[in-house]
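User: I've got a model open and I'd like to learn how to read it. Can you walk me through it?

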Amino acid sequence: MNGVTQLHRPRRVAVLSVHTSPLEQPGTGDAGGLNVYVSQTTRRLAAHGVAVEVFTRATSSDLPPVAELAPGVLVRHVTAGPYEPLTRAELPGQLCAFTAGVLRAEARQEPGHYDLVHSHYWLSGQVGWLARDRWGVPLVHTAHTLAKVKNAALAEGDTPEPRVRVIGEQQVVDEADQLIANTAVEAGQLTDLYGADPDKVRTIAPGVDLDCFRPGDRAADRAALGLPAGALVLAFVGRVQPLKAPDVLLRAAAELLARGVVARSELRVLFVGGPSGTGLEQPAALQELAVALGVTDVVRFLPPQVGPDLARVYRAADVVAVPSHNESFGLVALEAQACGTPVVAAAVGGLPVAVADGRSGVLVRGHATADWADALGVLAREPRRRAALGEGAVRHARSFSWDRTTDALLAAYADAARALRRSLPRVEVAV
Ligand code: UDP
């Protein structure tokens, strides 16, 4: 990092994550990649000497006002509405209370306590925009997902994102000093669909925790999970919701059996994660589909797993499927590959970046059962191809890291600070 960047490095950043906390277990409800992103990058910012305070909504009266996520990273629980989880539809009504909580927390500190605001998801952007104006600091915003993109790729039966989000997201895009996109595709969506100034948009790839997600002893991991040593193991990891399309894997697995590609006794399909979003209304829908398809005997559902246990699942699998209808990046794909497991993913959003087609996995266009069964069938029949892709997967995953993401964020912060300084009126001093 050069000297100018050092000079503009913030001392303390207010990170806003209104609707979900980095202290929550990802893989269910509203907790997923955003939580992992915030947790991984804030720890590293702190290791670079940047103090971080994460503001999130208090969802229980048991939560302390302030908790430590890691050395140098505090999580402030802001009271905004009842001490219980609220749906995303209910949260816009609490933004005023949340903003008041953030501004009051700052007012209790010395003036100039925060040098920069980094908001995650549009709800936080709404808060960040006011905080930025009040404190006279830059606002850096990461959208994570975009309503217009999501609405263009809805799963059957999924609910469109409401207008309140589309309008609110547009305001945040207009107001932010810098917008962080996960991929060049997302950067293009910000400029083309939301009219963002290209000079404000920076593409920074997310990372993967290579200490946790690494290759290991597949046989031992299978044994630990009670999986037969020689079985074909397919896995889905993530929040169970229509957008993630876990049903695509289930249908394709049933098709593999119907085609006789694999014997029933030699197939296992794992689903890891909890219900989320519109899936919450029907948490049992996937189980019901398994019954309807007659595959309950080969399917296993596991609750959300923490890091090392999740790594074990990735390693135990022959293939991890990411059939999402949309995915701004897809951390699960990267984590699976870092463990040496090839990924079969839908060719949507950021997944063509997360998966190197033909080198670390396979991209499938569309969600037709036959196409997914074809892609999985080739890998089922060809263990050598799986092994080659597995090696490519580790190489590909290692080209990403949270350290690199954090360095790029620091550079973005420095740029935002420089741009703000340039825009401030110059004070002429007469001598
Ligand atoms: N995750 C987890 N335990 C689980 C399932 C998922 O910790 O049982 C984590 C996973 O490691 C990944 C994140 O949740 O980092 C999901 O991120 P992704 O980008 O794949 O999807 P998102 O949830 O953001 O839509």
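Analyst: Start with confidence, since this is a predicted model. The chain averages a pLDDT of 94, and 95% of the residues score at least 70. For the model scores, ipTM is 0.99 and pTM is 0.95.

User: What does the chain contain in helices and strands, and how many of each?

Analyst: Count the elements, then look at the overall dimensions. Here you get 16 helices and 14 strands. The radius of gyration is 22 Å, close to the 22 Å from the globule rule for 431 residues, so the chain is as compact as a globular protein of that length. Its C-alpha atoms fill a box of roughly 90 × 45 × 40 Å along the principal axes.

User: And how much of the chain is buried?

Analyst: Buried, meaning under 20% relative accessible area, applies to 55% of the 431 residues. The accessible surface comes to about 18200 Å², with 52% of that belonging to carbon and sulfur atoms.

User: Now the sheet: what is the strand order in the open sheet of 6 strands?

Analyst: Read across the sheet, partner by partner. The order is S11-S10-S9-S12-S13-S14, with parallel pairing. S11 (299-302) and S14 (361-364) are the edge strands, each with a single partner, so one side of each has no neighbour in the sheet. From one strand to the next, the twist averages 20°.

User: Which residue stands opposite Ala235?

Analyst: That's Val320 in S12. S9 (residues 232-237) and S12 (residues 319-322) run parallel, joined by 2 bridges. Helix H14 (residues 369-381) packs on the sheet and touches S9, S12, S13 (343-346) and S14. The direction of H14 makes about 165° with that of S13.

Note on methods: Residues are numbered from 1 along each chain as its sequence is written. This is a predicted model: local features need pLDDT of at least 70, side-chain atom pairs count only at pLDDT 80 or more; totals for chains, interfaces and linings use all residues. Side-chain values use heavy atoms; hydrogens and water are left out. Two strands pair if DSSP finds at least two bridges between them. Helices (H or I, at least four residues) and strands (E, at least two) are DSSP runs, numbered from the N terminus. Axes are lines fitted to C-alpha atoms, for helices over the stretch in contact, and angles run from 0 to 180 degrees between N-to-C directions. Contact means heavy atoms within 4.5 Å. pLDDT is the predictor's confidence in each residue, from 0 to 100. The radius of gyration is taken over C-alpha atoms; the globule rule is 2.2 Å times the number of residues to the power 0.38. Buried means under 20% relative accessible area, exposed over 50%, partly exposed in between (1.4 Å probe, protein chains only). Accessible areas come from the Shrake-Rupley method with a 1.4 Å probe; for residues, only the protein chains shown count as cover.
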